[in-house]
Amino acid sequence: MSEVNTEPRLGGWTRFVTARPRLSLLVALVITALAVVAGSGVADRMGSGGWQDPDAESTYATRALEREFPASQPNLLLLVDSGDRSVDDPAVAAEAERLTERLASEKGITGVGSYWRTGAAALRAEDGRQALIAARIEGDEKTAAAVLDRVAPEFRGEQGPLRVSLGGPVAVQHEMQDLIQEDLLRAELIALPVTLVLLVMVFGSAVAALLPLGLGIVAILGTNAVLRAITEFTDVSVFAQNLTTALGLGLAVDYALFVVRRFREELAEGAEVRDAVGITLRTAGRTVLFSALTVAVSLAAMLVFPQYFLRSFAYAGIAVVLLAAAAALILLPAALMLLGHRVNALDLRRLLRRDRRSRRTGSAPPVPGAAAEPGAGWGRVAALVMRRAPLFAFATTAGLVLLGLPFLGVKFGTADYRQLPSSAESRVVQQEIRDGFPGGPGGGLVVLAEGAATPTEYADFRSRISGLPGVLRVEGPVTSGAHAYFTVLARGEAVGEDSQRLVRELRAEPAAFDASVTGSAAILVDSKDAIADRLPWAAGIVAVVTLLLVFLLTGSVLIPIQAVVLNALSLTAMFGAVVWVFQDGHLSGLLGFTSTGDIETTLPVLMFCVAFGLSMDYGAFLLSRIKEEYDRGGDHGRAVAFGLRRTGGLITAAAVILAVVMVGIGTSRVTNTKMLGLGIALAVVMDAMVVRSLLVPAVMKLTGKATWWAPAPLRRFHDRFGLSEGGPPPAVEDLPAPAGRDRDPAGV
């Protein structure tokens, strides 16, 4: 069928990969070394923002205010603590004025103001012991971070009778970026050794266990180089580095598990090394290629969103997926060619078994070839599930839906300083301002007025917006030529439902000038609108491409629909847990974070794209073996049981290893990173242990042979262009195991 078109290409690819394996590995080593150099310092070029729509009204108004009224948009706040004295004490005021002068003289800083210069009540704490110096650092995120690095040591700490702490958006973002880099290094130090131990447990052989780690390191280093190049042209979020590490290790392990396991099977059946590599590439290699395409498409869907936070994950995700797949299809076969049967060397499990036997007395010697049937436990699971298919299908579906119910109460918000740990300096400053200062300096909504207007028109507009429901008071206008702005303080939370409603009412209010609204609530409204506008496109891209790719793999019309529906269902537990834990605050003490009562708007989109792609990754492993067995014998029930028996342990092992990596990411002190890591860890475990192990076999049993139906035109299309694994060898179970060797050499 598809063999006619694809076999010559894959045969040529096999010859290319196996012809000069040493040269292939040498070239890869050189490229990796260059990637280390090219990717160095990439984190310093990344930003920690990117949640805003760059084309939104709030973004436009913010930029205009920064340009025309720098003092209205301070991003650096110096919290001045006078100790036991009042901030109005002459000595305190004199030192504070000197601080203000010094800050105003710093290059790159503008719009400097303070309580001692303006007398503004909003800049003085209610207890009279603290006050603020506010300023704006000019430039983009990278420029602002460089200025902050320069001035912070000069102003932080003891300044005569005063103690100064730094806060404001720039300080929050800078501290968040530093914490993410530190946490990422710690996550890698946790994940790498634990992953190696788990791989040794899975493979038995220490040699085989090192192969996936090598692929993961190549993928991570290569992706860092790609991201470094992308930062020359556009903004990239520092959060994307977490995805690079997680997917680099996770997918490299997945692909290497699948490839090495198949290679060892072929060797165990007596194939020559070159033939084993060829068969592995024609079977497992096609599945790896299919999996990489589906994961990459799921991540590419984030490119339709305007926020560079989401686009950054697409850049990093696509790069790391393609590099992991390339390493698995080029470097790994070359390594296997050189290793041959030595891929089974240093079998630590065999040494442990031998040691245990040597400690027992009177035990019978082992019988050569008497190993347990491979996947016997998963075979029993498959038999049980298929005997009780309606029960398992209903119970697992109902359970997943129940776990997802908390997501119905989701509330969306914006990321703020509470993402940081409670001990972080910038968070302490922001919390002091929130709790101790009247009106929350820098809070509220700002209405930008552009165009010539008379004082009467300004007064009329102010009067009308003052009467809107939820408005506490209106300040201004502050004018400068043809520009002016009003500050609108709302009752309740800065980004609550009432504030969001007020944003829409302000924008609907007629004015004699061009009016634009910005502020935290306005940014949230625009972000939610941008995501809602583009979400159908992203979901449509993922669904359509997934349907097409699964059809090319299976030739079935029903299986692609099942794949999309069951993959989406597998994510319900993740979304429910995100709301129950991070929004509602359950387990916040145990996990060490502060609940803000909402979920950052872009995170569910990110988590969906990543988790859906990983679900398809595991689905590809299972479906490819089911399809292979069905093509061999045409027995639907046997094919489903065979697929689960041969891949159940493989998928579970891969999921556990990826979950370990994601939990390492989830140890971050930044709440959004913690949510991302722990949420996706839960999603992959649920997908592997519930959906792939129970729900998929049950549903396929219920649909029977109709599972494989396709109309004649689509069948002919699949015959010509499909990705089916052609020419599979006989089932391992149908062949005698070589004497003295386990019939499942991978030990999964």
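Student: Leaving aside its neighbours within four places in sequence, which residues is Gln-562 in contact with?
Tutor: Quick ground rules: this is a predicted model where local features need pLDDT of at least 70 and side-chain atom pairs count only at pLDDT 80 or more, while totals for chains, interfaces and linings use all residues. Residues are numbered from 1 along each chain as its sequence is written, and side-chain values use heavy atoms, leaving out hydrogens and water. Contact means heavy atoms within 4.5 Å. With those sequence neighbours set aside, Gln-562 is in contact with Asn-567, Val-699, Met-700 and Thr-703.

Student: And is Gln-562 buried or exposed?
Tutor: Gln-562 lies in helix α19 (residues 558-570); helices (H or I, at least four residues) and strands (E, at least two) are DSSP runs numbered from the N terminus. For accessibility, buried means under 20% relative accessible area, exposed over 50%, and partly exposed in between, with a 1.4 Å probe and protein chains only. Gln-562 has 11% relative accessibility, so it counts as buried.

Student: How many aromatic pairs are there?
Tutor: Rings of Phe, Tyr and Trp (its six-membered ring) pair if their centres lie within 6.5 Å; planes under 30 degrees apart are stacked, over 60 edge-to-face, and the rest tilted. Going by that rule, the number of aromatic pairs is 16.

Student: Why is the pair of Trp-51 and Phe-239 given the class it has?
Tutor: The ring centres are 5.9 Å apart. The planes sit at 65°, so the pair is edge-to-face.

Student: How many residues apart in sequence are the parts that this pair ties together?
Tutor: Trp-51 is in the loop between α2 (21-39) and α3 (57-68). Phe-239 is in the loop between α8 (206-230) and α9 (240-268), so the parts tied together are apart in sequence by 188 residues.

Student: What is the relative accessible area of Phe-239?
Tutor: Its partner Trp-51 counts as buried at 14% relative accessibility. Phe-239 is buried too, and its relative accessible area is 3%.

Student: Which residues form one aromatic cluster with Trp-51?
Tutor: We've already met one of them, Phe-239, which pairs with Trp-51. The cluster joins Trp-51 with Phe-239, Phe-309 and Phe-313.

Student: What does α3 pack against?
Tutor: α3 has 12 residues and reaches 16 Å from first C-alpha to last, close to the 16 Å expected (1.5 Å times one less than its number of residues). Its buried residues include Ser-58, Ala-61 and Leu-65. The buried residues of α3 pack against β7 (445-450), β9 (483-490), α17 (497-508), β10 (514-519) and α18 (520-554).
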